[in-house]
Amino acid sequence: MMNKRMNKPILNVSGLTIDFGGIRALDHLDFDVQVTEIVALIGPNGAGKTTLFNCLTGIYRPTDGEILLACPKTGQQTRLNGLKPNKITERGMARTFQNIRLFSRMTVLENVMIGRHCRTHSLILGAIFRNRKTREEEQETIHKSYEILEKVGLAGQVNELAGNLSYGAQRRLEIGRALATEPFLLLLDEPAAGMNPQETAVLVALIRQIRDEGHAILLIEHDMKLVMTLSDRVVVMDYGKKIAQGTPDQIRGNRDVIKAYLGEDVG
Amino acid sequence: MDYFIELFLSGLTRGSIYALIALGYTMVYGIIGLINFAHGEIYMIGAFTSFIVATTLSIYGFPLAAIVVVAGVAAAIWSSAYGYTVEQIAYKPLRHAPRLAPLISAIGMSILLQNYVLLAQTSDFLPFPKLIPEFAFMEPVAHVIGSSDLVILITTAMIMLALTLLIKFTRIGKAMRATAQDRTMALLVGINVDRVISATFILGSALAAIGGLLIASHIGQINFAIGFIAGIKAFTAAVLGGIGSIPGAVLGSLVLGLTESFATGYVSSDYEDVFAFSLLVLILIFKPSGLLGKADTKKV
Amino acid sequence: MITAKELTPINKKIICKALKRSLLISLWFVFLTFPIMVIKVNPIERTVSWRWGNIAYVAIGSFVISLLAKAWLVRKERAAAAKTAACPTRASIFHNILQRPGCRYPLAALLLGVALAFPHLFSTYQANIMTTALMYIVLGLGLNIVVGVAGLLDLGYVAFYAIGAYSYALLNLHFHLGFWAALPIGGLLAALFGVLLGFPVLRLRGDYLAIVTLGFGEIIRLILENWNAFSKGPSGISNIPRPGFFGLEMSLDQAMIYMYYLMIGLVLLAIFVVNRLQHSRLGRAWLALREDEIACQAMGIDKTRIKLTAFALGAFWAGLIGVIFAAKTTFVNPASFTFMESAIILAIVVLGGMGSIIGVICGALILILLPEYLRALSEYRMLAFGAILVAMMIFKPEGLIAGVRRTYCFQGRKSTAALQDDE
Ligand SMILES: Nc1ncnc2c1ncn2[C@@H]1O[C@H](COP(=O)(O)OP(=O)(O)OP(=O)(O)O)[C@@H](O)[C@H]1O
Ligand SMILES: [Mg+2]
């Protein structure tokens, strides 16, 4: 493709394939994500976008292909295939879920604090004796979590149960929770689904801010306006295959994409 | 050689009984994904009902044929009624609750039913009337197979056949298969899922009741606690075959019955139950999809 | 409560319908329970007794219960419609009282005072019963870590209890090990078994985990029953010494009272430890695991490790109490460690409130003391435990006293978190 940049990608996927007993949900998919880039992943329902996220984050085991993640700071590259989801999150890639999966009977703050788990260390004895190190670590967890909640606009609801939040707030909390794991690559699965225009506008600003703070973002979204205004690059999928890739402008006019969205009969 | 054949046949008998109970586990699991912990108790209630009915009739001097028929029908009816009631009370309100909830409720039901029978009847072992006579034509082979083994084998074979036909060809059978495959979809195409679930419980309970009647008359005694071990073993068989799969339940039951029979015949009977439990633990750990089940990735 | 004034025509219609429904239900139950409740045969003497009176009990009982259940559900629906909150209300009256520092400490002091004075106020017999209840509190708190907090349904919890009891019995039999040496060993051994069992089984799905732990519990009991050379089989091990107190000679009464104070100490320790665990990094991870396993993993939590620690820590308390049990009864045999024991402990946790320390304490006191003091009820004990498990799941899955999450208050940007223990 013409759009290949020269700097090294932080995520490189090649030949990714997964079968669910006969159904090939992903079919030799290749793409990459660069540092501080916003890449949008679009495609009709059932194209395999969420499945791709599940493969990247270790929830599904791909049948074939390779996933490489490179830390932008150290440049160290790891193969993610076969790693457990928690290990992948530790390596610096975190996600949100299309069908919200918050810890609904925990408070908003605690949800974000869970995200800090993999960056903290205290264990059983620390918990029981609450020594100085544990207390300091706990304070730091609380402070950092609170800062994240301020960023995603939920600082007023820290003690609310996550399950009691409004839909839009829950989506933002999912982003906050993922941010707490200190990722350099953030995967967002339909973050604007079910939001009204105002909420979406706030979300767009939030995503921009997150990017400006140095995170790369891979984003699944059906809201084309959002995709076109926000993303640096768009990858289009259909039936598990990548059918196009390019800047928003290039994608807008692409015949294959129009065909995939509107059906075969459109010339 | 005779000993081997005897063990083989008694293993088959054992296996057929397990199959009758295991089918209930597997069908319910296939449809609502719940381990119906109280199923062993339904089987026990079937055995108890047939015991009560058969003994009462025999005390009042009814002929054996009438006793067998009435006891069998009564056991099936009442077990089904219990199965249906348990589903309505303990599982239906929890269909959308977290996964742990129906399981705990099922365990509660199992304890409740066991103690209900204990309190309403007795904790003693009771002699079960002999419902299957020694047939004269079985005389020459009596050293390897008893009459009641033969009856059990034939009855279960017929029941299996009937069940297969029911599931393959009847409306409710088709609805069951559809619901098992995709509940939401079944709902969308207009299947009354609640009815299908109830029907599954009723059918499974009736099978267990027949199993209860057959084994009780085979062994010759019953007790309020027989459901626990029988339930666990049948569940082991269902998992061994691949839970959710009907042929799997039958296959798993036969395998379990035969292995148990040979193990107790050639090795020792002290650890019979340890053996079944260990088998269960090992299958669940190493091959939770069983012999005929299919492994599935949970959709996220 | 519906007063006469509220009996609008609509309400009347609803009530009529409910009555009709309950009538049908009670008829159904009369049919359902007919063979087992009414007929009782004596196969030896060949007599049949028809207990027709039972029909009336069944009919009235099921009628009343179904009406109450309906009323409860209607009330719950109305409450839910009134305030749209999907989750249960945050704090119960209990917690509101407890959270006020002015109430909290005097109340705790009062309770402790009563607990300490108990053996002197009442007979040793009463203290003995109380000791049993205290043991179940600790068992409940232990299982609460596994089931209530981490959401792992462990049906073989009694196995760890058995391991504790037998480790004291056997270590004493063979090596004359004393109580105080055996106490930590029993706990640690149980925890070790928890880890050993946990390794293979903890990757199983929730319902399979329940069955496997049940199987494991039964295997342990059957081994104890059959392996005579190791465990002396069904007859068990007797003459286990009671705990010593600096070599002091004690009468039976004194030993009982000593045991009681020992248990008070253990309960306090368990409450302290479990409370701290629940409100730590580890405790939060357990809760997250209970709420959503996949999201939990995706947030960077090592699921297996977290589960193992929950399992081991839960088992530890069971082992500890196992040693106490052996010392208290001076005799152990496999019959004390059946599945029903696991079920009782589970009922305590479920009734009290999964994940709630105060809840578990109340649950244990209710379920253990009630049948002791209401002798008439004790026969129906297990029946009631079964019913409690079902009813709680349907009507009040959060338990009598739901666990409450800790709250923090932040002042401006400096966000000084005000820490306080909830329970
Ligand atoms: N665990 C699974 N088992 C079987 N099939 C699966 C599984 N997960 C996904 N699929 C199938 O893979 C295909 C792609 O699904 P996926 O959820 O990835 O689509 P999507 O692009 O995210 O669609 P949407 O825009 O609706 O979210 C679908 O046909 C789906 O049924
Ligand atoms: Mg999707």
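**Exercise 1. Burial of strand 8**

Task: In this predicted model, determine how many residues of strand 8 (residues 216–220) of chain A are buried, and how they divide between the two faces.

Solution.
- Step 1. Count the buried residues: five of the five residues in strand 8 of chain A are buried, so the strand is mostly covered.
- Step 2. Recall the general pattern: side chains in a regular strand alternate between the two faces of the sheet.
- Step 3. Assign the faces. A:Ala216, A:Leu218 and A:Ile220 lie on one side, while A:Ile217 and A:Leu219 lie on the other.
- Step 4. Conclude that both faces of strand 8 of chain A are covered.

**Exercise 2. The sheet around strand 8**

Task: Find the strands that pair with strand 8 of chain A, then place them in the order of their sheet.

Solution.
- Step 1. Take strand 3 (residues 38–42) of chain A. Four bridges join it to strand 8 of chain A, and the two run parallel. A:Val39 has A:Leu218 as its bridge partner in strand 8 of chain A.
- Step 2. Take strand 7 (residues 185–189) of chain A. Five bridges connect it with strand 8 of chain A, again in parallel. Here A:Asp189 stands opposite A:Ile220.
- Step 3. Continue outward from strand 3 of chain A, which is joined by four bridges to strand 9 of chain A and runs parallel to it. The bridge partner of A:Leu41 in strand 9 of chain A is A:Val235.
- Step 4. Add the hairpin. Strand 9 (residues 233–238) and strand 10 (residues 241–246) of chain A run antiparallel and share five bridges, with A:Met237 opposite A:Lys242. Two residues separate these strands, and A:Tyr239 in the turn has a positive phi of about 45 degrees.
- Step 5. Write the order: six strands of chain A form an open sheet, 6-7-8-3-9-10, with mixed pairing. Strand 6 and strand 10 of chain A are the edge strands, each pairing on one side only. Direction ignored, neighbouring strands are turned by 20 degrees against each other on average.
- Step 6. Add a helix. Helix 6 (residues 167–179) of chain A lies across strand 6 and strand 7 of chain A, at about 160 degrees to strand 7 of chain A.

**Exercise 3. The four-stranded sheet**

Task: Describe the open sheet 2-1-4-5 of chain A, its edges and the helix that packs on it.

Solution.
- Step 1. State the pairing: the four strands of this sheet in chain A are paired antiparallel.
- Step 2. Identify the edges. Strand 2 (23–33) and strand 5 (77–79) of chain A each have a single partner strand, so one side of each lacks a neighbour in the sheet.
- Step 3. Give the twist, which averages 20 degrees from one strand to the next.
- Step 4. Examine one pair. Strand 1 (residues 11–20) and strand 4 (residues 64–70) of chain A are antiparallel and joined by five bridges; A:Thr17 stands opposite A:Asp64.
- Step 5. Place the helix. Helix 1 of chain A packs on the sheet and touches strand 1, strand 2 and strand 4 of chain A. Its direction makes about 110 degrees with that of strand 1 of chain A.

**Exercise 4. The magnesium ion and ligand 1**

Task: Name the protein donors of the magnesium ion (ligand 2), classify their burial, and locate the polar contacts of ligand 1.

Solution.
- Step 1. List the donors: A:Thr50 through OG1 and A:Gln98 through OE1, at 1.8 to 2.1 Å from the ion.
- Step 2. Place them in the chain. A:Thr50 belongs to helix 1 (residues 49–56) of chain A, and A:Gln98 to the loop between strand 6 (93–95) and helix 3 (108–115) of chain A, 48 residues apart.
- Step 3. Apply the cut-off for burial, under 20% relative accessible area. A:Thr50, at 18%, is therefore buried, whereas A:Gln98, at 31%, is partly exposed.
- Step 4. Turn to ligand 1, which lies between chains A and B. Of the 16 residues around it, A:Asn45, A:Lys49, A:Thr50, A:Thr51 and A:His222 come nearest.
- Step 5. Read the distances from oxygen atoms of ligand 1: 2.8 Å to an N or O atom in the side chain of A:Asn45, 2.8 Å to a polar backbone atom of A:Gly46, and 2.6 Å to a polar side-chain atom of A:Thr50.
- Step 6. Combine the two sites: A:Thr50 is a donor of the magnesium ion and also has a polar side-chain atom 2.6 Å from ligand 1.

Note on methods: Residues numbered from 1 in each chain as written. Chains lettered and ligands numbered in written order. Predicted model: local features only at pLDDT ≥ 70, side-chain atom pairs only at ≥ 80, totals over all residues. Heavy atoms only, no water. Donors = N, O, S within 2.8 Å, 3.2 Å for Na, K, Ca; no water. Buried < 20%, exposed > 50% of the residue type's maximum accessible area, 1.4 Å probe, protein only. Pairing = 2+ DSSP bridges. Axes fitted to C-alpha atoms, helices over the stretch in contact; angles between N-to-C directions. Contact = heavy atoms within 4.5 Å. Near = heavy atom within 4 Å. Polar contact = N/O pair within 3.5 Å; in protein donor to acceptor, adjacent residues only side chain to side chain.
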